[in-house]
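Could you walk me through this model in the viewer, one selection after another? I would like to know what to click on and what to look for at each stop.

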Amino acid sequence: MQRRQFLSLTVGALALAVAPASVRAEDYRKLKPAVWSAHKMDMAIKAMYGTTATIEEGVKLKAANVAFDSGKMATAANGGAIPLDFSTKIPAKTIAVFQDANPEAAVCVYTVGKYDMTTYSIKIKMGNPGSVKVIVEGQDGKLYSATQKLNVAKGGCEG
Amino acid sequence: MKVKAKLKKGVVKVKAMAKHNMITYNQAEKKTGNKDDANFITHVSATCNGETVLDMSTSQFLSKNPILKFQFKGEIFKKGDKVLMTWVDRKGKTGKGKGKIK
């Protein structure tokens, strides 16, 4: 038993030692092409991380400048440019944004570098009402997420 | 690409805008009947003094002329340093921009 513990510790230490070297540009479109062609959010998440099980905590996600109806549904006036703010304090490896309103699910994937504050804002398009999910892949290997349901008054994918 | 960067309390906040139409597959099919005419930014990166401070792969669902905001630790950076940003689109075209940290 002790030997086993020792072995697993060594492997863990090695993994830690290797980690900083992996902080360099990653093109996830080439690395994981299946993520970008997946039509369903679950499929895209699975293609990216191998599982859809996430912990719903530690991630802040807000769709800015939208009116909140009763409940947690937010309505964006213009689906062509919905501002999204998201951040996390969890030490992260990657952060991915998905939504389920458009033909494909993936929006973007960040590779977190050592200077990164993991605080971002982007503007996205949504053709229909749906929900947005931000997934943070922590350095501990766990997946953390936050979800925001969005109503869209005017579709963003119309010409 | 327009880049604005500001150093405050040890954090550099960057706001950038890429001028790009971000045509989705659906829009391309509607306009020209050919899905392959879709063109959108697929990768954006930013560096400061040779250090990578942003690295993202993107899809067609960023808005037209997408605005990106991000923050990075300012410890080894100072005012006057330049933030360089580059994007690449689906057709292989690249765009560049730089902004001095204020």
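## Stop 1: a glutamate on a strand

Start by selecting A:Glu137, which lies in strand 8 of chain A. Keep in mind as you go that this is a predicted model. With a relative accessible area of 17%, A:Glu137 is buried, because buried means under 20% relative accessible area.

Which residues is A:Glu137 in contact with, leaving aside its neighbours within four places in sequence? Show A:Tyr49, A:Ala92, A:Lys93, A:Thr94, A:Lys142 and A:Leu143, and you have the list.

Two of these contacts deserve a distance label. Turn first to A:Thr94: its side chain and that of A:Glu137 are joined by a polar contact of 2.7 Å. Then pick A:Lys93, which makes a salt bridge with A:Glu137, with 3.7 Å between the closest N and O atoms. A:Lys93 sits in strand 5 (residues 92-99) and A:Glu137 in strand 8 (residues 130-138) of chain A, so this salt bridge ties together parts that are 44 residues apart in sequence. Colour the pair by accessibility and the partners part ways: A:Lys93 is partly exposed, at 39% relative accessible area, whereas A:Glu137 is buried, at 17%.

## Stop 2: other salt bridges

How many salt bridges does the structure hold over all chains? There are four, and you have just seen one of them.

For another, stay in chain A and select A:Lys30 with A:Asp27. Their side chains meet in a salt bridge, at 3.8 Å from N to O. Is A:Lys30 buried or exposed? At 69% relative accessibility it counts as exposed, while A:Asp27 is partly exposed, with a relative accessible area of 23%.

Now switch to chain B and pick B:Arg90 and B:Asp36. This salt bridge has an N to O distance of 2.8 Å. B:Arg90 belongs to the loop between strand 6 (82-89) and strand 7 (94-100) of chain B, and B:Asp36 to the loop between helix 1 (25-32) and strand 3 (41-48), so the pair ties together parts that are 54 residues apart in sequence. B:Arg90 is partly exposed, with a relative accessible area of 30%, and B:Asp36 also counts as partly exposed, at 43%.

## Stop 3: the aromatic rings

Next, display the side chains of the aromatic residues. Over all chains the structure holds seven aromatic pairs. Why is the pair A:Phe86 and A:Tyr120 called tilted? The ring centres are 5.7 Å apart and the planes meet at 40°, so the pair is tilted. A:Phe86 lies in strand 4 (residues 82-88) and A:Tyr120 in strand 7 (residues 116-124) of chain A, so the two rings tie together parts that are 34 residues apart in sequence. Switch on a surface and check the burial: A:Phe86 counts as buried at 3% relative accessibility, and A:Tyr120 is buried at 2%.

Hop over to chain B for B:Tyr25 and B:Phe40. Here the ring centres are 5.7 Å apart and the planes stand at 80°, so the pair is edge-to-face. B:Tyr25 lies in helix 1 of chain B and B:Phe40 in the loop between helix 1 and strand 3, so the pair ties together parts that are 15 residues apart in sequence. B:Phe40 counts as buried, at 0% relative accessibility.

Then select residues from both chains together: A:Tyr115, B:Phe70, B:Phe72 and B:Phe77 form one aromatic cluster. Before leaving the rings, go back to A:Trp36, where A:Arg29 lies over the face of the ring, at 4.7 Å from its centre.

## Stop 4: cysteines

Select the cysteines next. How many disulfides does the structure hold over all chains? The count is zero. Among the cysteines to look at, A:Cys108 counts as buried at 1% relative accessibility, and B:Cys48 counts as buried at 0%.

## Stop 5: chain B as a whole

Finish by hiding the side chains and showing chain B as a cartoon. You will find one helix and seven strands, in the sequence order β-β-α-β-β-β-β-β. The C-alpha trace of chain B spans about 50 × 20 × 15 Å along its principal axes. Of the 102 residues in chain B, 48% are buried. Turn on the contacts too: among those in chain B between residues at least 6 apart in sequence, 58% join residues at least 24 apart.

Note on methods. Residues numbered from 1 in each chain as written. Chains lettered and ligands numbered in written order. Predicted model: local features only at pLDDT ≥ 70, side-chain atom pairs only at ≥ 80, totals over all residues. Heavy atoms only, no water. Buried < 20%, exposed > 50% of the residue type's maximum accessible area, 1.4 Å probe, protein only. Helix = DSSP H or I, 4+ residues; strand = E, 2+ residues; numbered from the N terminus. Phe/Tyr/Trp six-rings, centres within 6.5 Å; stacked < 30°, edge-to-face > 60°. Lys NZ or Arg CZ within 6 Å of the ring centre and 35° of its normal. Polar contact = N/O pair within 3.5 Å; in protein donor to acceptor, adjacent residues only side chain to side chain. Contact = heavy atoms within 4.5 Å. Disulfide = S-S within 2.5 Å.
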